[in-house]
Structures are given as structure tokens and as C-alpha cells.
Amino acid sequence: MMTKLFLGFILLSCFYHQSAMGRFVVEKNSLTVSSPESIKGNHDSAIGNFGIPQYGGSMAGTVSYPKENRKGCREFDEFGIAFKAKPGTLPTFVLLDRGDCFFALKVWNAQNAGASAVLVADDLDEPLITMDTPEEDSASSKYIENITIPSALISKSFGEKLKKSISDGDMVNVNLDWRESVPHPDDRVEYELWTNSNDECGIKCDMLMDFVKNFKGAAQILEKGGYTLFTPHYITWYCPQAFTISKQCKSQCINHGRYCAPDPEQDFSQGYEGKDVVIENLRQLCVFKVANETKKPWVWWDYVTDFQIRCPMKEKKYNKDCADGVINSLGLDLKKIERCMGDPNADSDNPLLKEEQDAQIGKGSRGDVTILPTLVVNNRQYRGKLEKGAVLKAICAGFEETTEPAACLSDDVETNECLENHGGCWHDKIANVTACKDTFRGRVCECPLVDGVQFKGDGYTSCEASGPGRCKINNGGCWHETRDGHSYSACSDSGNGKCACPVGFKGDGVKSCEDIDECKEKKACQCPECSCKNTWGSYECTCSGDLLYIRDHDTCISKRAVQGKSAWSAVWIILLVLGSVAGGAYLVYKYRLRTYMDSEIRAIMAQYMPLDNQSEVPNHLQVGSNIQHVIGQIYILTTHFRCKSVV
């Protein structure tokens with residue numbers, strides 16, 4: 001508890017020190033009442049810092065003031081109240097009273113009941129303030145990200161006028177106008193994002209990370225086309241002089257208390273320290289500076305996105321080594337970035353961070369930057385949800401009319417980031433395969449699917465083919481070589497994704513496989529009569545004298561023995577063939593003799609006792625002649641087989 005109080009004291013001290021020199025500016029939109037006549041005219045309203053304001057546009061509607069749940073802290077369904085406009089009528093703007101619950105919750109409940117916009121009437125006679133989101137908690141996180149309608153705070157006196165007109169039965173028609181909320185002097189928009197590298201600060205950090213990832217593609221298109229001038233900024237605080245040697249300041253600050261950030265876990269005894277965040281913020285500033293010097297300032301978006309993905313705090317990768325890996329993958333000059341960062345232990349000002357602290361103080365039409373994150377467009381602070389479509393609309397509202405780029409007229413944008421250095425993603429030069437994919441949100445590094453083969457890895461430093469067919473793609477990343485017309489590979493589809501040298505080779509299977517000298521290592525040709533000769537991937541064995549080598553038994557045997565065995569094998573084959581022929585002939589002989597004898601008997605019987613359906617009796621002499629012919633044929637056939645047997 002004391003730690004948190006001490007931290008709060010430091011931050012408040014820094015805030016008041018800076019606020020004394022600057023001011024907070026409430027961003028407003030125009031609210032015009034068109035009826036009734038009694039309150040007709042223009043009035044001020046403060047844009048809410050959540051939801052989606054319609055920058056560059058306007059919205060007309062009818063104001064409704066509910067009879068119950070007038071503060072909007074409960075769901076309107078409980079009271080049977082709905083605000084959804086009927087077809088052909090103007091949208092409904094719900095008027096609610098301030099108090100009892102968060103501004104965002106009021107707007108969320110009204111949105112669920114069908115409201116198109118929300119006006120919150122102040123309960124104090126005071127200058128307008130900006131309605132912000134509540135401190136992070138599990139309950140508010142469920143609805144803050146899903147608010148999609150605009151909202152505005154109006155003064156107490158103006159709210160009372162609206163309520164009276166509605167109670168008198170008048171139809172109150174108003175027009176919310178955001179067209180002048182962002183200045184649009186020329187054909188180039190200048191905007192800046194006040195951000196933070198800490199990814200463990202809750203709901204707002206999560207929303208910021210998602211926005212950077214989703215908006216990257218559009219931001220790079222606008223920057224490459226010269227339509228915008230973007231600058232990233234990072235908020236830092238300083239430690240009061242009286243506490244610079246304290247444990248808390250030393251853990252949260254660099255340069256002897258000059259530049260500080262809150263402890264990510266708000267616990268000085270564990271996890272990362274605030275100074276880790278300050279150092280990474282400084283590194284990201286230097287990435288932008290070095291990239292800008294090379295005329296490629298848009299690379300900052302790649303670095304920040306990749307660092308979020310590859311170096312998160314929860315995986316304990318939020319460190320210099322991981323950051324250096326991202327820098328190298330993007331082709332940035334690491335030494336220049338390190339020189340830009342300087343020495344964080346020096347008891348002196350860091351020029352870059354000093355500029356950042358000075359820039360936090362409001363100048364001109366822009367107020368102090370006290371809300372993190374903050375987007376500033378044409379020196380006017382953006383209010384509303386950090387969401388790609390809403391922010392793009394606000395930036396496009398900053399162009400002079402008719403000078404808007406194509407990105408403002410269509411969402412069909414291709415980033416083409418993979419054309420240069422494969423977007424810093426993994427790639428295989430030999431197989432011409434890359435993990436870089438272009439999307440509207442910018443390039444992403446994901447291991448590809450090639451010809452049905454899925455690569456697996458982090459997409460940045462490694463991707464390996466896996467599963468069946470992987471050997472088709474660059475031999476699965478394994479060793480392979482072709483010599484004398486024979487090809488050998490250490491890749492096997494059944495090898496569980498591992499590279500293993502084939503038979504006759506040894507090595508790691510990835511970078512090399514060396515031919516095994518079976519002769520030298522005495523793995524073959526071990527018989528006394530054997531002579532061994534090594535060949536690439538195999539070996540040859542010969543035997544002395546009149547001997548033959550048998551590889552399966554690793555031995556030499558006599559050629560005569562081989563020939564003798566071959567001769568006896570031939571004899572047995574001949575005998576088997578003759579036996580088969582004889583058996584077949586005997587079966588044919590029995591079948592034909594029986595058939596002709598049956599015919600003879602039928603003929604004899606037909607002379608004395610005609611058979612059924614026998615219209616014609618064959619001549620006896622003819623039958624006898626046939627029998628003699630058959631007997632002659634049988635005699636010849638029998639003689640033929642007998643002669644074959646003798647032979």
C-alpha cells in the first residue's frame with residue numbers, strides 16, 4: 001500500500017509541475033438546435049473520449065429524455081424503454097443526467113436500447129470537461145471496447161432547456177457536427193500518437209496494441225504517398241529531487257531521476273521495472289529517428305508491431321536482446337540506434353527524452369497531453385475510441401476538401417510491404433518461400449502453406465516444412481546431394497520431421513552427411529578371401545581366385561558350387577514342368593475318351609429304344625468309324641506321351 005501511495009505522489013508531483021506551464025483543452029463539436037424556436041441556435045458540447053465520433057461528418061436526430069432511469073446507470077430493458085427510431089424518422093439522441101455511474105456505462109446502456117447518440121447533461125455549473133473511460137476493471141472492459149455511437153457532454157443550463165422543451169411536448173431536433181473538429185488547412189495532415197511500450201497496463205494498453213497493429217497498413221500507405229506527416233511520442237515523468245536516491249525512483253527512472261515511468265506491475269519487488277519501460281520507449285524513439293533519416297519513417301510501425309508480438313512482458317522477452325533481433329530483421333542500423341539512446345546511467349539530460357517532456361506541454365490550440373494514449377490530428381486532440389476506421393476518418397477530415405487520398409475514399413488498400421526485404425520476415429532463398437503476407441492492416445509474418453505442405457515456426461526467424469510431402473520443398477531443409485547420377489537426401493516423409501543421413505552416410509543430416517568408408521571402418525568385406533573398395537554412398541567387395549562374393553552373408557564361395565547348385569535347380573525345374581504336362585494330358589485323355597464312349601452307347605441304345613426328343617438316329621457304321629477314329633487318336637496321343645516320357 002505504501003508503495004502505491006509513493007508512486008501516486010511522484011506522478012501527481014510531476015503532473016502538477018507540468019500543468020503549471022500548460023493547460024488541458026476540451027475538444028468540442030458543434031451542436032445546433034433547429035427546433036423549437038425557443039432554444040434554436042448553436043451550442044457547445046464536449047466530445048466523449050470513447051465511442052466513435054463522426055469526424056468530418058454530421059448527424060441529425062431527435063432528442064429523447066426517458067421518464068425513468070434518467071441517469072442511464074441501469075439497462076433500459078428493465079423499464080421497457082427502447083430508443084430505436086422507426087423507419088422514415090430521424091435517429092434518436094438520448095439525453096441523460098450526469099452522476100451515479102461512469103459516463104461510458106450510460107452510453108453503453110443507451111446504445112443497447114437503440115440510441116444513435118447520447119447527450120449527457122452536467123449536474124454542475126462549470127466549464128465543460130471531457131468524458132473519459134473509467135479506470136480499468138473487469139466490468140468496464142466488457143463494454144468500453146464495444147461502444148460505437150458518439151457522445152457529448154453539454155452544460156447544465158442547456159440541458160435544462162432541452163428537458164423543459166421535451167416536457168412541454170415540443171419536438172427537439174438537433175444536429176451534431178464534427179466537420180470543424182479537425183482543422184483542414186491543406187493537402188497534408190500532420191498527426192502524432194502519444195503511446196507507450198508497456199504491454200501490461202490493462203485495458204488501455206490492450207486497445208493501444210490492437211490499434212497499432214490494425215492501423216499500421218493504412219498509416220504506411222499515407223506516409224509513403226506523402227499525404228501525412230506522422231510523429232510518435234512517449235510520455236515520461238520525472239522524480240522529485242528529494243527522492244532521486246530512493247529505491248522507488250531508481251527502479252522507475254533513468255538518468256538519475258530525470259525520466260521515469262510507473263512500474264508495470266505496480267510492485268517493486270517483482271517483474272519488470274519502470275526504467276525498463278523508459279529504455280524501450282527511448283529505443284522506439286530512436287528507431288523512428290534513424291528510420292526517418294533513411295527516408296523510411298514508416299518502418300517505426302513495423303518495429304512497434306513486431307516488438308509487441310515477439311517480445312511481450314508475459315513471456316519474459318521484453319529485453320534488449322529481443323529488441324535487437326527485431327531491429328536486425330528490419331534492416332535498421334543497430335549501432336546508430338544505440339548511439340542515439342546514449343547512456344541511461346548518465347547524470348545529464350537525454351536530448352530526445354527532454355524534447356518529449358517539453359512536447360507534453362500544450363501549445364497553441366492543443367492542450368497538455370495527460371491521457372494515455374492520445375492521438376493529435378493537425379494539432380487538435382482526437383477524442384473517441386482508438387479504432388482503425390474512426391481514426392482514419394478523423395485523419396481524412398484533416399485534408400482540405402477535394403485533396404483526400406484514395407485511402408480516404410476506399411478501404412481497398414494493398415501495402416506491398418513484402419516486396420522489400422520480405423518485410424523482415426523469414427524467407428528461404430533456395431526455395432523462394434517467405435513468411436511475409438500483405439494485408440490491409442500491413443504485413444504479417446506467418447509461416448506459409450506451399451503445395452499442400454505447412455511450414456511451422458515463429459515466422460520471423462524460422463519456418464520448417466512439416467508433415468507428408470515436406471521433402472518436396474527444398475528437401476525439407478535437409479542435406480541432399482547428387483553425384484554420378486545418384487541422388488541422396490537426409491529427408492524422409494516418415495522421419496517425424498527430422499533430418500537423418502541415409503544408409504552409408506553419417507552427419508547431422510541438416511548441413512552435412514559424410515560418406516562412410518565401410519572398408520576403413522571394417523563394416524564390410526570381413527572374410528579372409530575378400531577385397532574391399534569404397535565408393536560414394538556404398539562399397540564394392542571382390543573375392544580372390546575363382547570365388548564369388550555373397551553380400552548378404554559377407555562371404556566368398558566357389559563358382560563351381562554356385563554352378564552345381566544352378567544345374568540341380570534347372571533339373572528340378574524341368575522335372576516339375578514335365579510332370580505338370582503329363583498330368584494335364586492325362587486329364588484331357590480321360591475327358592475325351594469318356595465323351596466318345598457316351599456317344600457310342602447312346603447310338604446303340606437308340607437302335608432298339610429311341611431316346612426322348614431323338615428325331616434322327618445316327619448311322620451305326622458312321623459311329624463305328626468315329627469310334628475307330630477316336631481310338632486311333634487316343635493311341636497316337638498315348639504313344640506321343642509315352643515317347644516324351646522315355647526321352
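A residue counts as buried when its relative accessible area is under 20%. In this predicted model, Asn281 has a relative accessibility of 1%, and because that value lies under 20%, Asn281 counts as buried. Asn281 is found in helix 7. Leaving out residues up to four places away in sequence, Asn281 touches Asn196, Ser197, Tyr234 and Ile235.

With that example in hand, the whole chain can be introduced. The protein has 647 residues, and 43% of them are buried. Its secondary structure comprises 14 helices and 28 strands. Among the contacts with a separation of 6 or more, 63% are between residues 24 or more positions apart.

Leu162 offers another buried position to look at. This residue has its place in helix 4, which covers residues 156–167. The relative accessible area of Leu162 is 0%, so Leu162 is buried. Apart from neighbours within four places in sequence, the residues in contact with Leu162 are Ile39, Leu95, Leu119, Ile154 and Val172. One of these partners, Ile39, is 123 residues from Leu162 in sequence, yet the two C-alpha atoms are 7.9 Å apart in space.

Attention now turns to pairs of helices. Helix 8 (residues 299–310) packs with helix 9 (residues 320–329) at an angle of about 140°, and their axes are 10 Å apart. Angles over 145 degrees count as roughly antiparallel and those from 65 to 115 as roughly perpendicular; an angle of about 140° fits neither range, and helix 8 and helix 9 are therefore oblique to each other. The crossing of helix 8 past helix 9 is right-handed. On the helix 8 side, the contact involves Tyr303, Asp306, Phe307 and Arg310, while helix 9 brings Cys322, Ala323, Gly325, Val326, Ile327 and Ser329. By type, the residues of this contact between helix 8 and helix 9 are six nonpolar, two polar and two charged.

One of the helix 9 residues in that contact deserves a closer look: Ile327. Ile327 has its place in helix 9, and its relative accessibility of 0% is why Ile327 counts as buried. Not counting residues up to four places away in sequence, Ile327 touches Arg283, Val287, Tyr303, Leu332, Leu334 and Ile337. Ile327 and Phe307 are separated by 20 residues in sequence and by 9.1 Å in space, taken from C-alpha to C-alpha.

A second pair of helices can be described in a similar way. Helix 5 spans residues 203–224, and its axis comes within 9 Å of the axis of helix 12, the two crossing at roughly 35°. The crossing of helix 5 and helix 12 is right-handed. Phe211, Asn214, Phe215 and Leu222 of helix 5 make the contact with Lys388, Val391, Leu392 and Ile395 of helix 12. Six nonpolar residues, one polar and one charged form this contact of helix 5 with helix 12.

Charged side chains add a further kind of link. Side chains of opposite charge can pair when their charged atoms come close. How many salt bridges does a search of the whole structure find? The search finds 20.

Three of these pairs serve as examples here. Lys296 and Glu420 meet through their side chains in a salt bridge, with 2.3 Å from N to O. This pair links distant parts of the chain, 124 residues apart: Lys296 is in the loop between helix 7 (274–293) and helix 8, and Glu420 is in the loop between helix 12 (388–396) and strand 14 (427–428). With a relative accessible area of 29%, Lys296 is partly exposed.

A salt bridge also joins the side chains of Glu190 and Arg188, at 3.0 Å from N to O. Are these two residues buried or partly exposed? Glu190 has a relative accessibility of 41% and so counts as partly exposed, and Arg188, at 34%, also counts as partly exposed.

In the salt bridge between Glu315 and Lys317, the closest N and O atoms are 3.4 Å apart. Glu315 is partly exposed at a relative accessible area of 43%, and Lys317 is partly exposed at 37%. Elsewhere, Asp97, Glu160 and Lys163 are joined into one network by salt bridges that share partners.

Note on methods: Residues are numbered from 1 along each chain as its sequence is written. This is a predicted model: local features need pLDDT of at least 70, side-chain atom pairs count only at pLDDT 80 or more; totals for chains, interfaces and linings use all residues. Side-chain values use heavy atoms; hydrogens and water are left out. Axes are lines fitted to C-alpha atoms, for helices over the stretch in contact, and angles run from 0 to 180 degrees between N-to-C directions. Helices (H or I, at least four residues) and strands (E, at least two) are DSSP runs, numbered from the N terminus. Angles under 35 degrees count as roughly parallel, over 145 as roughly antiparallel, 65 to 115 as roughly perpendicular and the rest as oblique. A crossing is left-handed if the near helix is turned anticlockwise from the far one by less than a right angle, and right-handed if clockwise. Contact means heavy atoms within 4.5 Å. Ala, Val, Leu, Ile, Met, Phe, Trp, Tyr, Cys and Pro count as nonpolar, Asp, Glu, Lys and Arg as charged, and the others, Gly among them, as polar. A salt bridge is a side-chain nitrogen of Lys or Arg within 4 Å of a carboxyl oxygen of Asp or Glu. Buried means under 20% relative accessible area, exposed over 50%, partly exposed in between (1.4 Å probe, protein chains only).
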